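Visitor: Could you walk me through this one? I'd like to start with the surface and then go on to the fold.

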Amino acid sequence: MAVPKMPGASTVEEAWAKLPDYLAAIGGYDMWYVETLVRFDGAQRAGSRIIKRITERLAEHHIGHLPDQLPTDGNCRVLLYSREQDNLAFILRLVHDLATQEYNDNTNTLVGVLKTLLDGHRKVQQAAARKAAEER
């Protein structure tokens, strides 16, 4: 599996620092294999200490991940997303927060925001389907 190269990064720390900009440039999210994350971090194997360090580095750089617990199997895929973007990555953050947090005073608001965003997405899909049908 190819390890993404961050242009201008000559150290692992510089690569981590550039990861948020990389995600922002491609829409706020990307799918990586755990092995890719491990090698990106400069390690060879995905042991529990390495996974813990990767999880901490992702959090330091405001990058979320699904599933919430990174697996140690290098062949597993994970979805990385910016926790600071207001595009699709924002929807991923909402879903993650709702799935991993206890019900609290903000839950109703978050559910409402998520529904509004999903309704907008549905309207765009419906409009695209209508346009495609008209062009036939």
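Visitor: How much area does the protein expose, and what share of it do carbon and sulfur atoms supply?
Guide: Bearing in mind that this is a predicted model, the protein exposes about 8,800 Å², and carbon and sulfur atoms supply 52% of that area.

Visitor: And how much of the chain counts as buried?
Guide: Of the 136 residues of the protein, 29% count as buried, that is, they have under 20% relative accessible area.

Visitor: Where do the charges sit on average, I mean how far apart are the mean positions?
Guide: The protein has 17 positive and 18 negative charges, and the mean positions of the two groups are 5 Å apart.

Visitor: Switching to the fold, what is the order of elements?
Guide: Starting from the N terminus, the elements run α-β-α-α-β-β-α-α, with five helices and three strands in the protein.

Visitor: How are the strands arranged in the sheet?
Guide: They form an open sheet in the order E1-E3-E2, and the pairing is antiparallel. Strand E1 (29–33) and strand E2 (63–66) are at the edges with a single partner strand each, which is why one side of each has no neighbour in the sheet. On average, neighbouring strands are turned by 30 degrees against each other, if direction is ignored.

Visitor: How many bridges join E2 and E3?
Guide: E2 and strand E3 (residues 77–82) pair over four bridges in the antiparallel sense, and His65 has Leu80 in E3 as its bridge partner.

Visitor: Which helix packs on that sheet?
Guide: Helix H1 (residues 12–25) does, touching E1, E2 and E3, and the direction of H1 makes about 120 degrees with that of E1.

Notes:
Residues numbered from 1 in each chain as written. Predicted model: local features only at pLDDT ≥ 70, side-chain atom pairs only at ≥ 80, totals over all residues. Heavy atoms only, no water. Pairing = 2+ DSSP bridges. Helix = DSSP H or I, 4+ residues; strand = E, 2+ residues; numbered from the N terminus. Axes fitted to C-alpha atoms, helices over the stretch in contact; angles between N-to-C directions. Contact = heavy atoms within 4.5 Å. Buried < 20%, exposed > 50% of the residue type's maximum accessible area, 1.4 Å probe, protein only. Areas by Shrake-Rupley, 256 points an atom, 1.4 Å probe, with all protein chains shown as cover. Lys, Arg positive; Asp, Glu negative; His and termini not counted. Charge placed at Lys NZ, Arg CZ, Asp CG, Glu CD.
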